[in-house]
Every structure is written in C-alpha cells, then in structure tokens.
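Q: Hi! Could you walk me through this protein, step by step?

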Amino acid sequence: MINKYADILLPLPFGDVFAYSIPPQFRSSVEIGMRVIVHFGVRKIYSGIICHLYEEIHLAKFDIKDIDAVLDEEPVVNISQLKLWQWMADYYCCSPGDVYKTALPGAMKMESRTKIRMNPDFKETDDFLEKEKEVIHLLEIEGQVTLDRLNRVLGKRVYLVVKMLLKKNVISIEENLFDPFTPKKSWFVFLGEQSLTKEKITKALDSLKRAKKQLSLFQLFLSLTIYSDENKQTCISKKELLVQSGFSDGILKALIVKGLLRMEEVETGRLDLRKREEDHRIDLNEFQQQSFDDIKKQFLTKKPVLLHGVTSSGKTEIYIKLIEEELRWGRQVLYLVPEIGLTTQLTQRLKKVFGNKVGVYHSGFSDAERVEIWQEIKKGNRGSYRIILGTRSSMFLPFKDLGLIIVDEEHENSYKQFDTAPRYNARDLAVFMGKNNNANVLLGTATPSFESYYNAKIGKYGLVELKKRYRDTQLPEIKIADIRRATYRKQMHSVLTPELYDEMVRALKNKEQIILFQNRRGFAPYLQCSSCGAIPKCKHCDVSLTYHKQRSALVCHYCGYTIPVPLKCESCGSGELKMRGFGTEKIEEDIKALFPEAHIARMDLDTTRAKRGYEHIIHKLETGQTDILIGTQMVTNGLDLDNVSVVGILDADQILNYPDFRSYEKSFQLMAQVSGRAGRKNKPGKVFIQTTQPEHPVLIDVLKNDFDYLFLIQMKERKLFHYPPYTRLVKIILRHRDYKRAEYAASALAVLLKEQFNGRVLGPESPVIGRVQNWFRKEIWVKIEKDSSMKNKKNEIMEDISRIKSLPNNSGLIISVDVDPF
C-alpha cells in the first residue's frame, strides 16, 4: 500500500487534524509520528506530527496542500504517545493541538517567523506618517526585521502601520521557518596526519626541541590520546588540553600551523553521560520488606497501588528496590516528583545506586537540553537513560518500554497544571499511562489525597501501609503555640511565640538545624495607610501589591506589575504607610536580628529562580553551612536532612481559612509534611504550629497524626454536599475585557447548564480574584454524578459553550474548561 495522504496535527487550538497530500518523493519514507513542514493558511508555516496515513481520501471539493518537507528519518513520537495526547484532549476538554504544544520541547516545534523587508524598487517620498517613517528608517539600517521586533519598537499599532506600508507597496513580507534547536558542538584536537608512523612522530618531536612550550604541549597530547600505549581515544577536547597543560591558545595554534595538530568541531551534546560507579547495597528492614512484597503481589492485579507510609518510613528505599527489578527485565522507569527542588537530593541518591542510567527532566532545563534527553529516551535499550526522574512534563517523553511509574508525594497540588490547556493532573495521567503502556503504577505519600485513599478503600487501587519510621525513629513531638495568648501577654519575639523561640535557642546551642515555614513570599503582603485605610492595589488585577524590600518595590504576584514604594498615600496624602502581615523576606530579616550569629537561608520563588538555585540552598543545608531555613511550600516535601530538630509553622490560620472545600485536607497534608522534616534520623524532633485557633479540629488531628479520622469526617460531609470523590467537578472560567460582557455570557451559560444538570450547577460567581491582567473572570462549577457518562456530559458542556461563543458581541470572550480542578 502506498500512502498518498496524511492527517497532520498542528500546534494550534483547533479540535481536529488537517489533511495534506504526500508528494511522491516522501511516500516511501513517511511514518506516523514523524514531523513534517506544512503551509497553513496564506503565509503561515508550521511543523506538525503525522497522526494517520491514507492510500485514498475523499475531499473532492477541496484543494489539498502538499507536505513541504519531512524533518525526521524516524518518528519522534510513538503511537502510545499519540493515544495519550488524544485521551488528554478528550478528557480535559481541549484540542489535540494544545496537548502537542505542551508535550513537545519548544525546540522541536518549529514555527514560521514573519520577516519584513523593503521592496527594492521603493523610492522614498514625503507622503508618509511619522510611524511609517520609523519603520522605513529601521529597515534601511537593519535590512529586514521581524514583526516581534517591530512590535517592541512601535507598540500596539504595529499591525496597522505594516498594513498601510504593504498597501503602498513599500515593504514585502515573507515567512521563514524558525528551528530553535541547534546541537551543541565543541572543538577537539587531532593529530595533524591520521596515520603518523613512530618515525614521523620522533622527527616531529626533534623539530620542536627549541620551542619548549610547543614540545611540552605536543607530548601531553600524545600521552592523552591513542598515540600513548595506555589510551584508546584519538582526540581530546581543546579545553581539556589547554587546562591540563596550562598553556595559552597561541601555543596550540603554532602546532596547528606546523601541521602537527589539527582541530575539528565535533557535536558533543549537552548531557553528562560519563560512566559512574554503581552501589546496589540497599537493605530493607522488616517493615519495608513486607511493604515491598505486598506491592509486588498487588501489581499482579494490574491495579495502581497506593503506598501510604509515614514521613521518614523509607519509601525511597522501596522505590529503589522496585526500580532494580524493572531494570533487570530491561524496562524503563519514570519517577515523578512534584517540585524541581526535590530532584536535587533524589538525583544524588539514585545516581549513587544506578549511575548514569538516571536522567533528570524538568522545565528548569533549556529547550536544547530537553531535546537531547528526549532523543536519548527514544532510543530505548540503546539509550543511556533507563530511569527518568522528573516533574509532570516528563510524562510526555517517548518511552519505548515503560515498566514502572512512581508518583512520589502523589497528594501534591503541583502535579496539576492550572494556567493553560491542557489542565491535566499528572497523577491521574500516570494511571492512564500505566494502562496504556502495560506498566505498573505506584502512588506514594505520607498524606494521601482523599481521592486516591477513597479509590484504595473501595478496591479500585491496591493499598499498602507503612506505619513505622525507618530505624524505629520516633515521630516528632507536635505542639500548638497560641499566638493570641502570647500577643496578649506581650511575649512574642517578632513572629515567634515564646515556645518556638526558646526551642530555637536550644537547637542552635546544640548545633542543630531549624526549618521555619510561611506560605507567603515577599516582605509584607500589603501596605496600608494608617489614616484612611487605603491599600495600594495592582492596576491590572483585583489584588493588593506585595512589598518586596530587597527590590524596594510593590509587586503584583499575578501579572508582575511593579511600582516603587510610595512615600505617601495616593488617596489622602498621608505619609503614614504601615506594613501588614509578613512574608518569607520579612521573617528572614527579623530572624537575622534575633539570631545574629546564625547562618540563615531562604527558599522561595525569589531565591530559586536561577537554574542551580535549589541545589545551592540544599547543598548548604546538607553540609551544615545553614542553621535556619525559611521557606514556602518548597520546604514541605522530600527534604531528607539528618540534623533538623525543630520545625516551626508560623501561621497555620492562613492555611486553615482558605475558601476551598479541600482546605481541611490540604491543611492536614501541609502541616503533616512540614512536621515530617524534623527528627528524621537519630535525634527526636519538635514541631511548633502557631495559630490563633488552638482548638481547631484539623490541628487536633495533626497532633494525634490521625489521618483516618479526618478522612472519615470529610467523606461524610462531601457525600452530603455532593463533592468529589462522590461526584466529578468541572470548572468553567469565562474571561472578557468588559465586565458586563463577562457577566452576561456567564449568566446565559449558567441558564443552559442548569437545564441539563438538574441543579448541580454552582454560579456564576466571581472568584476570589475577579480580575487578572485586565481580564474580568466569572466561574461556573458543574457537579457530574459518578454513574453518569462523563464523556456525554462533557460533550453537552462543550456544545453549550459553543452556543454562547457564537452569540453577538462575544468575539472577545474566552471560555476555559478545567476538569477535576483541584
């Protein structure tokens, strides 16, 4: 069969693929999963993925465009991945193009870049507007410019100006394909002639007797390459040769001029694939071994398995033993973690056991690095990486023979993508991937999500519980510290209650480490005028500006809008502006004042933006260079530190009072996980939870470490009010620049939905932050019964959305759908 047509998936938000004709020269070589270059529309060019191949196609009414070029010699995406993408598009109510854009590294998605150049026969006259003259002047200097560059120079009116210049035949437009991936190359030094005899080498050495530095460098080259009896490599990198010799570039150039050495640029790649020693001596204790055996037994049923193990129970050792078994069978392993920061310590532990079989993949890498990891994974058994440790983006890698997926800290919110389509949850995606790839799935945590625990309790998942800490280490002692009482008695030390302060003094005296948790970055959440009560707000979002002292600025954490700190109130002119609340930056300053001798570090988004930011902070903790770590949610999971004896949760009320049906569940998880950082090895730990509500039921459950009781109570409430896991939730977000249009569209959509879902529709309502980046937002929540057809119900929702979008004056309306929005 000769394939003459192909369905091409493009990185565009359309609900379908597009048919293209395959030119004769490509018909024998194309395969599903290859990238191709196609024209789309009048001028746009994209790289797309071949999804289907056909011998014949019935589209007589349309002219089918040809594929312009085939980019790959073999598929970059496999059939299993395409199935996963389609499932995601169907389940999360988005287009396959949205999934494609998320799944492939940016450097593998080539797109056209509009370039503008001057027409050669153009003659300048005075009949031009000022903005048009600016474009002409720029083109005369630079020859050609991109639309992006013009947009930066001219601002919003760039398209109108370009349109007028096109009309006047002053400029021409062309689309060039932009390929952002370039292989990394390095200079290597070779012998001048490929087959020099010993006699010729001896003659060359004699000729250099008067040039001692050249002689020394040439001798070093010979000793480091195949021309020494002990080595087998024919070349050495220029950098390594010069570093080892200590000579300048000029000495090397002199040897090249004489023809004794030559240099070539060689593709080296960006990955560190050096051979490492492996140490497989991992011994499980009695309880770990029992859990390991139970997990293997339950894997035989092909169900996902939930490993519920208390903090510091040794779950990672069990993971390592399971990975060893998969590698013995020649299969690949995906080890998921919620945060980039967790990869740092885990990478060291895994590489100690598995050497360079371990690869790391997350958004902190450059696009080029991610492409090279993609290519290594695609090789399967021939590739260097057999284990991938990564965040949610690593789920899209082209695994050939996936045997095990581990989802560590499966309860974590970071597994959910909230901002852009597809709004997927990596934990749920792992369950589908396991079924799709015939791979085992293990969900591990000390504080399971209620959905996963419910699935385990009803038999949908297997359940293994590990209730003993490794080496019988005791769980930390948890104490509730009453902020109200300490404030009334004037006993507070800045943000510290006397109990926490005294314990910190003791810990520092004993050379022990401390972690302080506050889930808010910045210096102060907001400034407030003491005279009129006004609070500086973002002009683009309905949110107060956060004070960042280090930058001496007020910053919006939603759009990035930044202003200098005002000297007086904009409303009344008063100079009495006071800081309210506290973030990690202020805590750091206050703790430095309280403990001037201590070494203090901060771990939040501001201090970890750099590529190696996490690594530097964790390295200092591990080596004892940091005494006190202050951090946001980044410090809650996975940190395995021997010397931490005190943990302080500085404001539990902020977590407990969040308006969300899952606030109790999240509060328990967060506090239990932070508490688990204390006393992990031989020293008993203490945890202090500061609050104004010491009798709060969640705090009592945390004190008792009573997850089961909290789960039981919450399940009763959720069943009564029809919340997950007893129903499925779909959140619909409507956005418009005009508040009235957003409100009208949301009301009209809610009417349609309420007709179909019999009162199981909440809203429309404005969310907590009703305007972000000048987009007014409305939300509608739909509850779908578990026994209903989810696919049919979602189709009905999408039909209603299409009807609302097609109404007059709704062209500026954006409607997003978030399935399982938690």
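A: Happy to. Let's start with a term: the radius of gyration is taken over C-alpha atoms, and the globule rule is 2.2 Å times the number of residues to the power 0.38. This is a predicted model, where local features need pLDDT of at least 70, side-chain atom pairs count only at pLDDT 80 or more, and totals for chains, interfaces and linings use all residues. Residues are numbered from 1 along each chain as its sequence is written, and side-chain values use heavy atoms, with hydrogens and water left out.

Q: Cool, so what does the globule rule give for 822 residues, and what does the chain have?
A: A compact globule with 822 residues would have a radius of gyration near 28 Å, and the protein chain has 31 Å, which agrees. Along the principal axes, the C-alpha atoms fill a box of roughly 90 × 70 × 65 Å.

Q: How many helices and strands are there?
A: The protein chain has 25 helices and 34 strands. They are DSSP runs numbered from the N terminus: helices are H or I with at least four residues, strands are E with at least two.

Q: And how much of the chain is buried?
A: Buried residues make up 52% of the 822 residues. Buried means under 20% relative accessible area, exposed means over 50%, and partly exposed is in between (1.4 Å probe, protein chains only).

Q: What about contacts between residues at least 6 apart in sequence?
A: Of those, 75% join residues at least 24 apart. A contact here means heavy atoms within 4.5 Å.

Q: Let's zoom in. Where is Thr-727, and is Thr-727 buried or exposed?
A: Thr-727 sits in strand β30, residues 727-736. Thr-727 counts as buried because its relative accessible area is 2%.

Q: What does its side chain have around it?
A: A polar atom of the Thr-727 side chain lies 3.0 Å from the backbone oxygen of His-722. Leaving aside neighbours within four places in sequence, Thr-727 is in contact with His-722, Lys-783, Ile-784, Glu-785 and Lys-786.

Q: New topic: where does Arg-662 lie?
A: Arg-662 is in the loop between α20 (652-656) and α21 (663-675). With 3% relative accessibility, Arg-662 counts as buried.

Q: Which side chain does Arg-662 make a polar contact with?
A: The side chain of Glu-665, at 2.9 Å. A polar contact is a pair of N or O atoms within 3.5 Å; within protein, one must be able to donate a hydrogen and the other to accept it, and residues adjacent in sequence count only if both atoms are side-chain atoms. Beyond neighbours within four places in sequence, the contacts of Arg-662 include Asn-413, Ser-449 and Phe-822.

Q: Where are the cis peptide bonds you can show me?
A: One joins Pro-724 and Pro-725, with omega about 15 degrees. Pro-725 lies in the loop between α23 (707-720) and β30. Another runs from Gly-763 to Pro-764, with omega near 10 degrees, and Pro-764 is in strand β31 (residues 761-765).

Q: Why point those out?
A: Most peptide bonds are trans, and most residues other than glycine have a negative phi.

Q: Then what is phi for Cys-93?
A: Phi of Cys-93 is near 55 degrees, a positive value. Cys-93 lies in the loop between α1 (79-91) and α2 (96-103), and its relative accessible area of 15% makes Cys-93 buried.

Q: And Asn-705: what is its phi, and what is its relative accessible area?
A: Phi of Asn-705 is also positive, near 55 degrees. Asn-705 is partly exposed, with a relative accessible area of 40%.
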